[in-house]
Amino acid sequence: MEQFLQSLQGTSIATAIREGESLFPWIECVHVLSLTIVIGSISIVDLRLIGLASRERGVVETTSSVLPVTWTAFVFAVITGGLLFASNATTYAQNFYFQVKIALIALAGLNMAVYHLFLNRGAEAWHTSASTPMRARIVGAVSLCLWIAVAAFGRWIGFTISTPT
């Protein structure tokens with residue numbers, strides 16, 4: 001694994017990001033903006049599931065209007081995150097906060113998959129917050145907590161790894 005990380009870090013794009021004067025900060029800005037949109041748009045769905053927002057809209061209506069934005073921003077977050085990772089792969093791979101962030105994203109993905117594959121049956125009838133079942137409320141609360149933790153651990157990465165110079 002170490003050899004793979006070193007070869008990734010040694011690519012020309014990783015070197016340009018690491019050694020360039022402004023490439024890393026620009027990519028980081030797009031990454032943070034993308035994650036903000038991901039977390040914000042997911043929060044709209046989660047808060048609807050919990051029953052704290054968009055109470056007048058159905059769950060399916062809320063989800064279908066928000067998820068295209070979420071997925072688009074997620075693609076940008078993955079691309080920019082991959083570029084940032086490549087610039088200092090050996091250090092990031094060993095960073096506790098980075099490892100936890102990746103694990104939390106995986107858990108959030110699993111939570112979403114469980115909801116969409118098993119728990120959202122009958123969601124077309126969830127037109128009010130009162131009609132949203134407890135299983136959906138729990139999934140929404142878990143998702144919201146996971147994504148808040150992703151943001152927190154992502155921020156802590158910045159305090160433990162300095163930007164390349």
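A residue counts as buried when its relative accessible area is under 20%, and because Ile-39 has a relative accessible area of 16%, it falls into that class. The model discussed here is a predicted one, and its protein chain has seven helices and zero strands. The points below take up the chain as a whole, then the contacts made by selected buried residues, and finally the surface and the charged side chains.

**Overall architecture**

- Followed along the sequence, the protein chain shows the pattern α-α-α-α-α-α-α, in keeping with its seven helices and zero strands.
- The C-alpha trace of the protein chain spans about 55 × 25 × 25 Å along its principal axes.
- The protein chain has 165 residues, of which 38% count as buried.
- When contacts in the protein chain are restricted to residues at least 6 apart in sequence, 75% of them join residues at least 24 apart.
- The accessible surface of the protein chain amounts to about 9,200 Å², and carbon and sulfur atoms account for 70% of that area.

**Ile-39 in helix α3**

- Ile-39, which is buried at a relative accessible area of 16%, belongs to helix α3, a helix made up of residues 23-50.
- Once residues up to four places away in sequence are set aside, Ile-39 touches Trp-147 and Ala-151.
- Ile-39 and Ala-108 stand 69 residues apart along the chain, while their C-alpha atoms are separated by 11 Å.

**Leu-146 and Ser-143 in helix α7**

- Leu-146 is part of helix α7, which covers residues 134-160, and Ser-143 is found in helix α7 as well.
- With a relative accessibility of 13%, Leu-146 counts as buried, and Ser-143 is also buried, its relative accessible area being 8%.
- Leaving out neighbours within four places in sequence, Leu-146 is in contact with Leu-104, Leu-107, Ala-108 and Asn-111.
- The C-alpha atoms of Leu-146 and Ile-105 lie 7.5 Å apart in space, although the two residues are 41 residues apart in sequence.
- Ser-143 touches Ile-42, Asp-46 and Asn-111, again with residues up to four places away in sequence not counted.
- Asn-111 is therefore a contact of Ser-143, which is itself buried at a relative accessible area of 8%, and the C-alpha atoms of this pair are 6.8 Å apart although 32 residues separate them in sequence.

**Thr-90 in helix α5**

- Thr-90 is located in helix α5, which comprises residues 89-94, and is buried, with a relative accessible area of 15%.
- Apart from residues up to four places away in sequence, Thr-90 touches Glu-2, Leu-5, Gln-6 and Gln-9.

**Ser-12 in helix α2**

- Ser-12 belongs to helix α2, which is formed by residues 12-19, and it is exposed, with a relative accessible area of 65%.
- Measured off the model from C-alpha to C-alpha, Ser-12 and Arg-48 are 45 Å apart in space, with their positions 36 residues apart in sequence.

**Nonpolar surface patch**

- A nonpolar patch on the surface is formed by Leu-107, Leu-110, Val-114, Leu-117 and Phe-118, which together have about 480 Å² of accessible area.
- Phe-118, one of the residues of this patch, lies in helix α6, which runs over residues 96-119.
- Phe-118 is partly exposed, with a relative accessible area of 48%, and because residues in patches need over 30% relative accessible area, this value is enough to meet that requirement.
- Leu-107, also named in the patch, is in addition among the residues in contact with buried Leu-146.

**Charged side chains**

- Side chains of opposite charge can pair when their charged atoms come close.
- One salt bridge is counted in the model, and in it the side chains of Arg-57 and Glu-61 meet at 3.5 Å, N to O.
- This pair qualifies because a salt bridge requires the side-chain nitrogen to be within 4 Å of the carboxyl oxygen, and the N to O distance here is 3.5 Å.
- Both partners count as partly exposed, Arg-57 at 24% relative accessibility and Glu-61 with a relative accessible area of 43%.
- The protein chain carries 9 positive and 8 negative charges, and the mean positions of the two sets are 12 Å apart.

Conventions: Residues numbered from 1 in each chain as written. Predicted model: local features only at pLDDT ≥ 70, side-chain atom pairs only at ≥ 80, totals over all residues. Heavy atoms only, no water. Patch = residues over 30% accessible without salt bridge, like charges linked within 9 Å, V, L, I, M, F, W, Y side chains within 5 Å. Areas by Shrake-Rupley, 256 points an atom, 1.4 Å probe, with all protein chains shown as cover. Helix = DSSP H or I, 4+ residues; strand = E, 2+ residues; numbered from the N terminus. Buried < 20%, exposed > 50% of the residue type's maximum accessible area, 1.4 Å probe, protein only. Contact = heavy atoms within 4.5 Å. Lys, Arg positive; Asp, Glu negative; His and termini not counted. Charge placed at Lys NZ, Arg CZ, Asp CG, Glu CD.
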